[in-house]
Each structure stands twice: as C-alpha cells, then as structure tokens.
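Q: Could you walk me through reading a fold, starting from its charged side chains? I'd like the general idea, then the actual case.

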Amino acid sequence: MAGPLCQGWGLGVALRSRAALRPLGLLAPPARGLLGSAAGSGTAAGSGEAALEENPFYGKYRHKIQELRRSNPDVFESRMEKRSEVKKQPVGHSKQGEFIRCMEEKAEGLGSKTSKGGFTKDKTLDSILNVEMVKEKSAEEITQIWNQYFSAKDTVYAVIPADKFDLMWRRAQKCPSFLYALPRKEGYEFFVGQWSGTELHFTSLINVQTQGETAPSQLVLYHYPDLQKEKGIVLMTAEMDSKFLVVHDAQCL
C-alpha cells in the first residue's frame, strides 16, 4: 500500500474517450485483518482497558468495543490481557500477513466475493477499464481517461509513473507493514498499513487492538501494474469505509 499517495500524478486532465471504460465493479475482497497484537502496557486486563479508554479516539470505536464486551466477555478480557502483555515491537513488525491469509482462506471457503465492509475481492483492472481497447492508446490518453473518469467519483486515484511505483514497490518489499499518523483535531490517529500483493490495506490501530485478527480494512488502495512495461504507468484507485474515513483522510494516508 505507501508513501504520499495523496499526490495523484497528472490529475485533472480533459477526457478524450469514455468508450474504453466499463462500470466499476462492486464486488470485493474479504475484510482483511491487519496486524496481530499491538503493544501496550500494564499487567492486567483492567489496566489495559483503562489505557484503551485514554486513547483520544476511543469514543469513535466505543460502540464496537462495548458490543464485543457484552457479546463475548471472555474474548474481550483475553484481548485486553494480550495487549498488556505483548512487548513493544519495532514499527513495521507484525503478524498482519498471517491474518490476511487466514481471512482469505475463510472467504474462499464460503465462496464469498464480497466482504462485510463491501470491499471488492480480486478487483481486476479489466473490471474497470477495457484493457484490450486502451492498449492501442498512448500513456497520455490512458491517463486522461482514468483521471477524468475518477474525478467524478468520491474516491482516491492516481496514475503513477513506472519508476515511482518501482521505488514504492521496493520499499514495500522491505517493510510490508507500517504505522501511519493521520492528523486529527484532537492530535493524531494511528493507522496500520499492510501490503497484500499490489493492494495496500489500512485500518485504525485502536481497531486492531480491540478486534485483533478480525479487524476489517477501512481503506484499500488497488495498484494495477498491467500497463507498466508497455505504457510506463501504473493505475491506482481505492475503496474506503465511509463510516470511518472520508476522501481527504484517504489522501493524507
């Protein structure tokens, strides 16, 4: 997922052709759990819960936390204890990849194409763009089509130069998970970002701390290197959970 993705390369260019575009697919990948156990302090579930409530963004997720506490108190206590006991790990160290694979296996077992969060499973470029048709067009024309189409959508998108994406990809291989600080009025809210293939998944750190491996993605960035070698560009778009994030938040991340 990574870097200043809020910079959309070549945004706002006029449309030359809409014929190559197909309707956006609304099917999508399973809500993928991000990160394993988060670092905390204290030695008991009670102290862990107290520390959690001190988080300035606790109120945002209060309903889900209380729901878990009521419906399965044993699981809630276990997670609070685990949060308190786990030692702090270096930024980027997580078991998030294991959770992603676990969630994928569960989704495949159910034969599901969409997740609870509504994200698209196996979202391909061909579900958005008529790839065969645009192969006859130049990189500039494809950029115009992509930018004009998504400029009317409430989402984040970009056309990334091949060399820029190569740099992003090398960094993603070295550090597939990372902690991002999102500016808020009250300070900063932390989000965990995790690459899964060419998809970058984000979820709030407090969401991970309370829901563990079942924490759903709140933002997914889809990168398409299909035209990278031939046209020198990588197309990117996104899906987000509008209950927690708006476009401006996604741009910052």
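Q: Is Lys243 buried or exposed?
A: Relative accessibility over 50% counts as exposed. Lys243 sits at 66%, so Lys243 is exposed. Keep in mind that this is a predicted model.

Q: Which residue does Lys243 form a salt bridge with?
A: The general idea first: side chains of opposite charge can pair when their charged atoms come close. Here Lys243 pairs with Asp241, and their closest N and O atoms are 3.1 Å apart. Asp241 has a relative accessible area of 11%, so Asp241 is buried. Elsewhere, Arg184, Glu189 and Asp249 are joined into one network by salt bridges that share partners.

Q: What can you tell me about the Arg184 and Glu189 pair?
A: Their closest N and O atoms are 3.0 Å apart, and the contact is a salt bridge. Arg184 is partly exposed, with a relative accessible area of 21%. Glu189, at 1%, counts as buried.

Q: How many salt bridges does the structure hold?
A: The structure holds 5 of them. One of them is Lys123 with Glu239, where the closest N and O atoms are 3.4 Å apart. That pair links distant parts of the chain: Lys123 is in the loop between helix H4 (96-110) and H5, Glu239 is in strand E6, and they are 116 residues apart. Lys123 counts as buried at 8% relative accessibility, and Glu239 counts as buried at 14%.

Q: On to the strands. What is the order of the strands in the open sheet?
A: Read a sheet by listing who sits beside whom. The open sheet has 6 strands in the order E1-E6-E5-E4-E3-E2, with antiparallel pairing. E1 and strand E2 (177-184) are the edge strands, each pairing on one side only. On average, neighbouring strands of this sheet are turned by 25° against each other, ignoring direction.

Q: How many bridges join E2 to E3?
A: There are 8 bridges between these antiparallel strands. To get the register, look up partners: Ala181 has Phe190 in E3 as its bridge partner, and Ser177 has Gln194 in E3. The two strands are joined by a hairpin through 2 residues.

Q: And which residue in E4 is the bridge partner of Trp195?
A: That's Leu200. E3 and strand E4 (residues 199-204) pair in the antiparallel sense over 6 bridges. They also form a hairpin with 2 residues between them, and Gly197 in the turn has a positive phi of about 65°.

Q: How many of the residues of E3 are buried?
A: In a regular strand the side chains alternate between the two faces of the sheet. In E3, 7 of the 10 residues are buried, so E3 is largely enclosed by the rest of the structure.

Q: What about the other edge: how many bridges join E1 to E6?
A: E1 and E6 run antiparallel and are joined by 5 bridges. For the register there, Tyr157 stands opposite Thr237 in E6.

Q: Now the helices. Which strands does H7 lie across?
A: H7 lies across E1, E3, E5 and E6, at about 95° to E1. A quick check on a helix is its length: at 1.5 Å a residue, the 13 residues of H7 (residues 162-174) should span 18 Å, and the end C-alpha atoms are 19 Å apart, which agrees.

Q: Which residues of H7 are buried?
A: Ala162, Phe165, Met168 and Ala172. They cover an arc of only 120° around the axis, so they lie on the same side of H7. On the other side, Asp163, Arg171 and Lys174 are exposed. The buried residues of H7 pack against partners including strand E3 (187-196), helix H9 (228-231) and strand E6 (233-240).

Q: How many of the residues of H6 are buried?
A: H6 is mostly covered, with 9 of its 12 residues buried. Among them are Ile142, Trp146, Tyr149 and Phe150. These buried residues of H6 pack against helix H5 (131-134), E1, E5, H9 and E6.

Q: Which strands does H6 lie across, and does the length test work there?A: Helix H6 (residues 139-150) lies across E1, E5 and E6, running at about 10° to E6. At 1.5 Å a residue, its 12 residues should span 16 Å, and the end C-alpha atoms of H6 are 17 Å apart, which agrees.

Key. Residues are numbered from 1 along each chain as its sequence is written. This is a predicted model: local features need pLDDT of at least 70, side-chain atom pairs count only at pLDDT 80 or more; totals for chains, interfaces and linings use all residues. Side-chain values use heavy atoms; hydrogens and water are left out. Helices (H or I, at least four residues) and strands (E, at least two) are DSSP runs, numbered from the N terminus. The expected span of a helix is 1.5 Å times one less than its number of residues. Buried means under 20% relative accessible area, exposed over 50%, partly exposed in between (1.4 Å probe, protein chains only). The arc is that of the directions from the helix axis to the C-beta atoms. Contact means heavy atoms within 4.5 Å. Two strands pair if DSSP finds at least two bridges between them. Axes are lines fitted to C-alpha atoms, for helices over the stretch in contact, and angles run from 0 to 180 degrees between N-to-C directions. A salt bridge is a side-chain nitrogen of Lys or Arg within 4 Å of a carboxyl oxygen of Asp or Glu.
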